[in-house]
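Student: I have a model open on my screen and would like to know how its descriptions are justified. Could we go through them together?

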Amino acid sequence: MDGLDPGNVFLADCPARLAVEVIADKWAVVVLWGLNDGPRRHTELITLIGGISKKVLTQTLRRLQTNGLVTRENFGGVPPRVEYELTELGRTLMGPIRMLTLWAEENGEAVLDAQERT
């Protein structure tokens with residue numbers, strides 16, 4: 001057994017469930033991984049992450065910041081220069097995200113095959 005009690009760990013007010021909800025957002029893991037190599041500006045993330053709109057990226061970054069996974073630093077100036085960076089807490093997710101990425105690379109075709117069968 002893995003030590004997790006399925007009857008308790010994902011109750012509505014359980015911190016573990018709340019943490020999973022933060023990273024289960026469609027774009028959260030992709031944005032976090034995009035910050036893995038260091039601070040990036042909003043426009044850099046838009047370029048790096050295919051298919052995400054500016055609005056959705058902003059919402060995702062705000063949610064990650066609110067939950068302590070990302071910091072936002074405003075350098076001022078004209079035009080304003082803002083950079084986003086992983087916090088120490090955010091960096092703790094890089095190992096699990098790396099594992100999920102490997103799983104996705106190994107099983108992506110099987111997932112597509114299953115989708116085509118339905």
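Tutor: Gladly. Let's begin with a cut-off: contact means heavy atoms within 4.5 Å. Keep in mind that this is a predicted model.

Student: Which residues does proline 39 touch, not counting residues up to four places away in sequence?

Tutor: By that cut-off, proline 39 touches Glu44, Glu83, Tyr84 and Glu85. Proline 39 itself sits in the loop between α2 and β1.

Student: Why does proline 39 count as partly exposed?

Tutor: Buried means under 20% relative accessible area and exposed means over 50%, with partly exposed in between. Proline 39 has 38% relative accessibility, so it counts as partly exposed.

Student: What makes β1 and β3 a pair?

Tutor: Two strands pair if there are at least two bridges between them. β1 and β3 have two bridges, in the antiparallel sense, so they meet that requirement. Arginine 40, for instance, has tyrosine 84 in β3 as its bridge partner.

Student: Why are β1 and β2 called edge strands?

Tutor: The three strands form an open sheet in the order β1-β3-β2, with antiparallel pairing. β1 and β2 each pair on one side only, and they are the edge strands. As background, strands of a sheet pair through backbone hydrogen bonds.

Student: Now α4. How do you know what its length should be, and how does its span compare with the 18 Å expected?

Tutor: The expected span is 1.5 Å times one less than the number of residues. Helix α4, residues 54–66, has 13 residues and reaches 18 Å from its first C-alpha to its last, close to the expected 18 Å.

Student: Which residues of α4 are buried, and why do we say they line one face?

Tutor: Leu57, Thr60, Leu61 and Leu64 are the buried ones. Looking down the axis of α4, its buried residues fall within an arc of 100°, so they line one face of the helix. In general, an α-helix has 3.6 residues a turn, so residues three or four places apart point the same way.

Student: What lies on the other side of α4, and what covers the buried residues?

Tutor: Lys55, Arg62 and Thr66 are exposed on the other side of α4. The cover over the buried residues includes α1, α2, α3, β2 and β3.

Student: What makes the largest nonpolar core a core?

Tutor: A nonpolar core is a set of buried residues of certain kinds, Val and Leu among them, joined through side-chain atoms within 4.5 Å. The largest one here has 20 residues, and Val31, Leu32, Leu35, Leu61, Leu64, Leu69 and Val70 touch the most other members. α2, α4, β3 and α6 each supply at least two residues of this core.

Student: Which residues is valine 70 in contact with, leaving aside its neighbours within four places in sequence?

Tutor: Valine 70 contacts Leu32, Leu35, Leu61, Leu64, Gln65, Tyr84, Glu85, Leu86 and Thr87.

Student: Where is the cis peptide bond, and what is the phi of glycine 68?

Tutor: The cis bond joins valine 78 and proline 79, with omega about -5°. Proline 79 is in the loop between β2 and β3. Glycine 68, just after α4, takes a positive phi of about 80°. For context, most residues other than glycine have a negative phi, and most peptide bonds are trans.

Student: And how many helices and strands are there in the protein chain?

Tutor: The protein chain has six helices and three strands, following the pattern α-α-β-α-α-β-β-α-α along the sequence. Buried residues make up 25% of its 118 residues.

Technical notes. Residues are numbered from 1 along each chain as its sequence is written. This is a predicted model: local features need pLDDT of at least 70, side-chain atom pairs count only at pLDDT 80 or more; totals for chains, interfaces and linings use all residues. Side-chain values use heavy atoms; hydrogens and water are left out. Helices (H or I, at least four residues) and strands (E, at least two) are DSSP runs, numbered from the N terminus. Buried means under 20% relative accessible area, exposed over 50%, partly exposed in between (1.4 Å probe, protein chains only). The arc is that of the directions from the helix axis to the C-beta atoms.
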